[in-house]
Amino acid sequence: MEKYTYNTKKPGSVFVISAILVSLFVLWGVFAPGGLEETASELLATTIQNFGWFYMIVTAIFIAFVLFLAISPFGKMKLGKPDDKPEYSYYTWIGMLFSAGIGVGFVFWGVAEPVLYYMDPPYGVTPETVEAANMGLRYAVYHWALHPWAIFGLVALTLAYVQYRKDQPALISSAFYPILGDRINGWFGRGIDILAVLATSTGVATTFGLSAMQITGGLSYLTPIPNNTTTQLVVILVVTILFMFSAGTGLNKGIRILSITNLTIAAILLLFMITFGPTLFIAEGVVTTLGGYISNIIPMSLTMTPFADSVWLGAYTIFFWAWHISWAPFMGLFIARISRGRTIREFVFGVLFVPSLLGLIWFTAFGGTALHLQRTTESNIAEIVMNNVEVALFATLAELPLGAVMSVLSVLLIIIFFITSADSASYVLGAMTSRGSLAPALYVKLIWGLLIAATASVLLLSGGLQGLQTASIIAALPFAIIMLTMAVSMFLMISKDYRAITKKKRTKQIEAIKEEVREEMKEDIYEEFKEEMLEEVRDEIKEEVLEEFKEELYEEMKEEILEEIETDEGNSKKE
């Protein structure tokens, strides 16, 4: 397997400005958590009321654009030079995709989300009914299947393309070179990168907070440890220390090894749930949910409630779209870093369809099991989810054989996911603030790890889960606009390159055809010339043979005449 080397660069002004802004936000949360919560709530209401439709439409555009790139002739183009090969095996690649942080969402929401929608379904659906149960599974898959991975995939495709094919630095601003030209090297480009860093830090902090909440929930469910903000802050501190050791080992050691471990533990948990849970129900649920998802994906993607005062979309769908968009710079740059050498079509298949299929199975297995227990037994999972969403997974596992063992394994999985998320996030933020270097300095990564941990802490202090959701929705709005422009830039760039490649191929084909015609004409001319030459040679030979024949005949006739004359003279003398 080919290995690539990357140079370390010193952090620039983007690092300084971004770090200062994040630090000021942390200080605001430390000294005035009430003011932060009040301001965030006002901004959240304004954002959802005025831009909820925008989040819905842009995510639909993103998925359509990425699928178009895959099925179009562009799909054959490679993310890199023609002779570049993938740096990681397919299994490791998929594992690193999940461990980058999205796996935390699967584990946190796998049980909670379907049950939440069962109790609090979308507008027009009666709670605690069969329809609500089916809707709960369908919307859970909808929130974690194609749409989020299309959001990540768009940024990752663009960044991988400009890095490995255009030799541009690993910066969000690099994607805008077809539009901005050399201005990306000035303050306009730095402004784009700063917005990307702020969006990323918020999205990552949200994941940090969710991970801390679930780890604390699991520990409180298994031990006497209390489930409160203090415990969550202690968990963040401990995991931050652990992540520093992983960050010091580098991408190919720390994240790679932990990613494979993550994927293996997640596979064990999933197989356990399918085996010891309601296996037949899960199998039927996968088929039913897949059918409902495919047949309703367009209506779900483009449905708002303009005639009803419903906050459901803002609390769930819009939050998830905003969270995924705020994650897009981080996931995009990280996926781009590990995807060198793959074709666009292969990339889309790996980044969109494989995780979406795994998400379908995961949410149906975990969420379906919880719903089955809720409807067929005296389990109080729904009540637990409504009161303490972070405990949902452990409450479900407790109803199954070996539940305590699996709960311990789940806590271990979440901790490792947390560490790899912190490691991946610090790496990406380090790259984004080190002039695009794919080998940022260790101290830069550690600074970002500490700042993100601090941001997650103040968000938990100022609003808990609601504070995490609010921060994501607000921070994602400017980057959603950047992503739309990025899609335009990507299309312009790849179209130009494809035309150049097509023109080059056509030129080669024309030259090949000319050479073939030339050879055919040469053969035809040769044959024709050969025939003419043969005729001329044949005529010349005929003439030469005729002349020789005439001469021979002349000599023979001359000899015969001379003999006749001599004979006649002899006879005359005798007479």
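Angles over 145 degrees between helix directions count as roughly antiparallel. Keep that cut-off in mind for the first stop. The model on your screen is predicted.

**Stop 1: helix 5 and helix 13**

Select helix 5, then add helix 13, residues 344-376. The two pack at an angle of about 150°. Their axes are 9 Å apart. The angle is over the cut-off, so helix 5 and helix 13 are roughly antiparallel to each other. Now look at how they pass. Helix 5 goes by helix 13 in a right-handed crossing.

Show the side chains where they meet. On helix 5, pick Leu 146, Trp 149, Ala 150, Gly 153, Ala 156 and Leu 157. On helix 13, the partners include Ile 344, Phe 347, Val 348 and Val 351. Further partners on helix 13 include Leu 352, Phe 353, Pro 355 and Ser 356. Colour this contact by class. You should get twelve nonpolar residues, two polar and no charged.

**Stop 2: Thr 364**

Stay on helix 13 and select Thr 364, which lies in this helix. Is Thr 364 buried or exposed? Its relative accessibility is 1%, so Thr 364 counts as buried. Which residues does Thr 364 touch, not counting those up to four places away in sequence? Leu 137, Ile 282, Gly 285, Val 286, Thr 289 and Thr 369.

**Stop 3: Ala 145**

Next, select Ala 145. It sits in the loop between helix 4 (130-144) and helix 5 (146-164). Ala 145 is buried, because its relative accessible area is 1%, and under 20% counts as buried.

Now add Leu 360. Ala 145 and Leu 360 are 215 residues apart in sequence. In space, their C-alpha atoms are 7.1 Å apart. Then add Tyr 293 and Ser 356. Ala 145 is in contact with both, leaving aside its neighbours within four places in sequence. You have met Ser 356 already, in the contact of helix 5 with helix 13.

**Stop 4: helix 4 and helix 5**

Select the helices on either side of that loop. The axes of helix 4 and helix 5 come within 3 Å. They cross at roughly 5°. Helix 4 and helix 5 are therefore roughly parallel to each other. Tyr 142, His 143 and Trp 144 make the contact from helix 4. Leu 146, His 147, Pro 148 and Trp 149 make it from helix 5. By class, this contact has five nonpolar residues, two polar and no charged.

**Stop 5: two loop residues with positive phi**

Select Glu 128, in the loop between helix 3 and helix 4. Its phi is near 55°, a positive value in a residue other than glycine. Glu 128 has 46% relative accessibility, so it counts as partly exposed.

Now jump to Asp 167. Where is Asp 167 found? In the loop between helix 5 and helix 6 (177-180). Asp 167 also is not a glycine, yet it has a positive phi of about 60°. At 57% relative accessibility, Asp 167 counts as exposed.

**Stop 6: helix 7 and helix 12**

Select residues 187-222 for helix 7 and residues 317-337 for helix 12. What is the angle between them? They pack at about 115°, with their axes 7 Å apart. That angle makes helix 7 roughly perpendicular to helix 12. Helix 7 passes helix 12 in a left-handed crossing.

Show the contact residues. Helix 7 brings Ala 196, Ala 199, Thr 200, Gly 203, Val 204, Thr 206, Thr 207 and Leu 210. Helix 12 brings Trp 323, Ser 326, Trp 327, Pro 329 and Phe 330. How many residues fall into each class in the contact of helix 7 with helix 12? Eight are nonpolar, five are polar and none is charged.

**Stop 7: Val 58 and Ser 72**

Select Val 58, in helix 2. Val 58 counts as buried, at 1% relative accessibility. It touches Ile 325 and Leu 484, not counting residues up to four places away in sequence. Now add Leu 373. Val 58 and Leu 373 are 315 residues apart along the chain. Their C-alpha atoms are separated by 37 Å.

Finish with Ser 72, in the loop between helix 2 (33-71) and helix 3 (90-119). Ser 72 is buried, with a relative accessible area of 7%. Zoom in on its side chain, which reaches the backbone oxygen of Leu 69 at 3.1 Å.

Notes
Residues numbered from 1 in each chain as written. Predicted model: local features only at pLDDT ≥ 70, side-chain atom pairs only at ≥ 80, totals over all residues. Heavy atoms only, no water. Axes fitted to C-alpha atoms, helices over the stretch in contact; angles between N-to-C directions. Helix = DSSP H or I, 4+ residues; strand = E, 2+ residues; numbered from the N terminus. Parallel < 35°, antiparallel > 145°, perpendicular 65-115°, else oblique. Left-handed = near helix turned anticlockwise from the far one by under 90°. Contact = heavy atoms within 4.5 Å. Nonpolar A, V, L, I, M, F, W, Y, C, P; charged D, E, K, R; others polar. Buried < 20%, exposed > 50% of the residue type's maximum accessible area, 1.4 Å probe, protein only. Polar contact = N/O pair within 3.5 Å; in protein donor to acceptor, adjacent residues only side chain to side chain.
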